[in-house]
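Hi,

Here is the structure I promised to pass on. Have a look at it first, and my notes on what turned up follow below.

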Amino acid sequence: MVDRLANSEANTRRISIVENCFGAAGQPLTIPGRVLIGEGVLTKLCRKKPKARQFFLFNDILVYGNIVIQKKKYNKQHIIPLENVTIDSIQDEGDLRNGWLIKTPTKSFAVYAATATEKSEWMNHINKCVSDLLSKSGKTPSNEHAAVWVPDSEATVCMRCQKAKFTPVNRRHHCRKCGFVVCGPCSEKRFLLPSQSSKPVRICDFCYDLLSTGEMTACQSARPSGSSNRGIWRVEM
């Protein structure tokens with residue numbers, strides 16, 4: 001079906017409409033063989049709070065942006081190559097329901113659909129697109145992904161030292177390796193994570209010690225005892 005749509009006028013027209021909605025600031029999206037599979041509004045769990053974002057699923061990329069005028073204008077376009085994507089379902093917790101993690105080597109985050117059916121359709125279509133891409137390219141799924149950042153609201157104290165309280169003066173920082181919310185003294189070091197940046201990035205002391213000794217996988221450790229364990233941190237297997 002995707003192959004049949006690839007060169008159809010309807011598909012070309014739909015992609016052109018998406019391009020126009022992002023305007024001159026957005027990247028061109030029309031290339032041979034690209035098909036727009038579907039679109040919709042998902043709630044993205046951002047650092048400060050959950051925010052509605054417009055998502056577009058193509059057969060090779062996932063595109064999302066801020067909603068300026070629904071179905072007419074979007075900005076801050078983000079493009080994610082699907083061959084680098086893995087997804088994991090998230091258990092429902094309170095108001096955060098019907099969610100899943102979108103994980104890539106450069107950035108990972110949680111999104112939530114309005115209904116369980118919508119969640120299922122999104123996940124099935126994404127997995128199908130990723131599977132088809134990997135099958136055609138002969139590549140293997142990516143095992144490396146950036147940490148999902150713990151939202152600011154879930155940490156009143158540093159998640160590493162468990163002592164420093166966050167205030168307007170004592171600001172929150174995020175470790176780029178484990179995603180924990182940490183204080184300044186616990187995250188003074190920098191380390192080069194090539195998949196995320198060409199320059200050394202802020203990481204916590206715990207991850208720095210592990211990275212320096214080559215025990216990289218241990219950085220994705222469990223959250224310290226006594227810290228919050230809300231929805232996005234319990235992943236269904």
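**Notes on the model**

Among the things that cover the buried residues of α4 is β10 (190-191). Before going further, bear in mind that this is a predicted model.

Staying with helix α4 (residues 205-212), its buried residues are C207, L210 and L211. They sit on the same side of α4, because the arc they cover around the axis is only 100°. After α4 comes G214, which has a positive phi, near 85°. Y208 has a charge over its ring: the charged end of K189 sits there, 5.4 Å from the ring centre.

**Aromatics**

There are eight aromatic pairs in the structure. One of them is F22 with F56: the ring centres are 6.1 Å apart and the planes are at 65°, so I'd call that one edge-to-face. With F22 in helix α2 (residues 9-22) and F56 in strand β2 (residues 50-58), the pair ties together parts that are 34 residues apart in sequence. F22 is buried at 6% relative accessible area, and F56 is buried too, at 1%.

F56 also pairs with Y74. Here the centres are 5.7 Å apart and the planes at 70°, so this pair is edge-to-face as well. Again distant parts of the chain are linked, since F56 is in strand β2 and Y74 in strand β4 (residues 73-81), 18 residues apart. Y74 has 2% relative accessibility, so it counts as buried. If you want to look at one spot, try F56, which takes part in a pair with F22 and in another with Y74.

Elsewhere, F55, Y64, F109 and W122 come together as one aromatic cluster.

**Charges**

Which residue puts its charged end over the ring of F58? That would be R34, with its charged end 5.9 Å from the ring centre. R34 is also in a salt bridge: its side chain meets that of D60, at 2.9 Å from N to O. D60 lies in the loop between β2 and β3 (61-69) and R34 in the loop between α2 and β1 (36-45), so the bridge ties together parts that are 26 residues apart in sequence. Are these two buried or exposed? D60 is buried, with a relative accessible area of 19%, and R34 counts as buried at 9%.

In total the structure holds eight salt bridges. Another is between D152 and K48, whose side chains meet at 3.1 Å, N to O. This pair links distant parts of the chain, 104 residues apart: D152 is in the loop between α3 (116-137) and β8 (173-174), and K48 is in the loop between β1 and β2. The two ends have contrasting surroundings, in that D152 is buried with a relative accessible area of 7%, whereas K48 counts as exposed at 60%.

Then there is E83 with K139, where the closest N and O atoms are 3.1 Å apart. E83 is in the loop between β4 and β5 (86-90) and K139 in the loop between α3 and β8, so here the parts tied together are 56 residues apart in sequence. E83 is partly exposed, with a relative accessible area of 27%, and K139 counts as partly exposed at 46%. Through salt bridges that share partners, R47, K48 and D152 are joined into one network.

**Nonpolar cores**

The largest nonpolar core has 20 residues, and the ones that touch the most other members are F55, W100, I102 and I126. At least two residues of this core come from each of β2, β3, β6 (99-103), β7 (108-112) and α3. Which element supplies the largest share? It is α3, with six residues. F55 turns up in two places, then: in the aromatic cluster with Y64, F109 and W122, and among the residues with the most contacts to other members of the largest core.

There is also a second, separate core of 18 residues, and A155, C175, L193 and C204 are among them.

Cheers

Note on methods. Residues numbered from 1 in each chain as written. Predicted model: local features only at pLDDT ≥ 70, side-chain atom pairs only at ≥ 80, totals over all residues. Heavy atoms only, no water. Phe/Tyr/Trp six-rings, centres within 6.5 Å; stacked < 30°, edge-to-face > 60°. Helix = DSSP H or I, 4+ residues; strand = E, 2+ residues; numbered from the N terminus. Buried < 20%, exposed > 50% of the residue type's maximum accessible area, 1.4 Å probe, protein only. Lys NZ or Arg CZ within 6 Å of the ring centre and 35° of its normal. Arc of directions from axis to C-beta. Contact = heavy atoms within 4.5 Å. Salt bridge = Lys/Arg side-chain N within 4 Å of Asp/Glu carboxyl O. Core = buried A, V, L, I, M, F, W, Y, C linked by side-chain atoms within 4.5 Å.
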